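Let's take a walk through this protein together. Please have the model open and ready to rotate.

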Amino acid sequence: MTEQAIDKRRIADSFGRAAETYDQAAAFQRTVGGNLLARLPVDFHPADTTDLGCGTGYFTRALQQRYGQPVLGIDLAEGMLRFARMASPGCGPWIAADAEALPVRAGSQDLIFSSLALQWCSDLRSALSEAYKALRPGGYLAFNTLIEGSLGELRQAWERVDGFVHVNRFMPEAELRELLSGTGFAQVGCEIEQHVLHYQQLGELTRELKALGAHNVNPGRPGGLTGRARLRALTEAYEQFRYDKGLPATYQVAQIVLRKGAA
Ligand SMILES: C[S@@+](CC[C@H](N)C(=O)[O-])C[C@H]1O[C@@H](n2cnc3c(N)ncnc32)[C@H](O)[C@@H]1O
């Protein structure tokens, strides 16, 4: 199995295991996905919609309600899909697949919506090209993704502890914009939102990331359990960021709406 296939399996396992706890921990994910929904054109009425990286199906249901049409939910994690299917009677179909190899017919979709999923792809360019192929002329790809600076405090704190990269690599904004300009879409909109969440204790943030299944998949991560001493050192290193609101965790979110040109 290739390194990429192993990482994909690890991502799927991690999210699959988190399916039961995800919704309770996903307040930020709701806000960010809601902001993406709000960016969709008001006069647009898609017949065929895909929610890509649908997770527990929250936005699949929202899209189905908004457009009054069945919405296809796609996710890498079987565990997420099982949960989504149970939680969403009357919705679906649901398909386990990778955004980098979409199992839908070319030119069959009017809207592909994807919230906080595509930063997990090994190659964003190939996911964008798959989405482009799947869309009809005039169709939209609306997605958001985390960019460089996200979880920067956690990254810096870990670097002080052991020098390892414990936080996923997020694409720099300039690299993302360059990539978007070369995708073939006729209209490209990209806006950056900064969200700063606050925690009283570091454990609240790390437990939340675990409940979401958002684990680090960098090949450089050290194996083994986090020892008490390392955790204490991490807590101390993170304390340097504390201010009156508590411990901050910053997310930089790119909200992107792309329109495929008419044929
Ligand atoms: C942070 S969750 C977001 C779920 C949902 N969109 C939401 O906003 O609540 C990310 C989801 O993307 C899925 N995912 C990650 N990589 C993927 C890939 N390459 N193809 C399809 N889904 C993927 C994960 O399994 C997970 O369910």
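The tour begins with a strand and its neighbours and then turns to a pocket.

This is a predicted model, in which local features need pLDDT of at least 70, side-chain atom pairs count only at pLDDT 80 or more, and totals for chains, interfaces and linings use all residues. Residues are numbered from 1 along each chain as its sequence is written, and side-chain values use heavy atoms, with hydrogens and water left out.

Start at strand 5 (135-146); strands (E, at least two residues) and helices (H or I, at least four) are DSSP runs numbered from the N terminus. Ten of the twelve residues of strand 5 are buried, meaning under 20% relative accessible area with a 1.4 Å probe, protein chains only. Strand 4 (residues 109-115) runs parallel to strand 5, joined by six bridges; two strands pair if DSSP finds at least two bridges between them. Look for Ile112, whose bridge partner in strand 5 is Leu141. With strand 7 (residues 247-259), strand 5 runs antiparallel through seven bridges, and there Asn144 stands opposite Gln255.

Now for the second largest pocket, an open set of points on a 1 Å grid over the protein atoms alone, where a 1.4 Å probe fits, with protein on both sides within 12 Å along at least five of seven lines. Which residues lie nearest its centre? They are Gln119, Trp120, Cys121, Ser122 and Arg169, out of 22 that line the pocket, lining residues having an atom within 4 Å of a point. Helix 1 (3-17) and strand 5 each give two or more residues to this lining, and helix 1 provides the largest share, five residues.

How values were computed
Buried means under 20% relative accessible area, exposed over 50%, partly exposed in between (1.4 Å probe, protein chains only).
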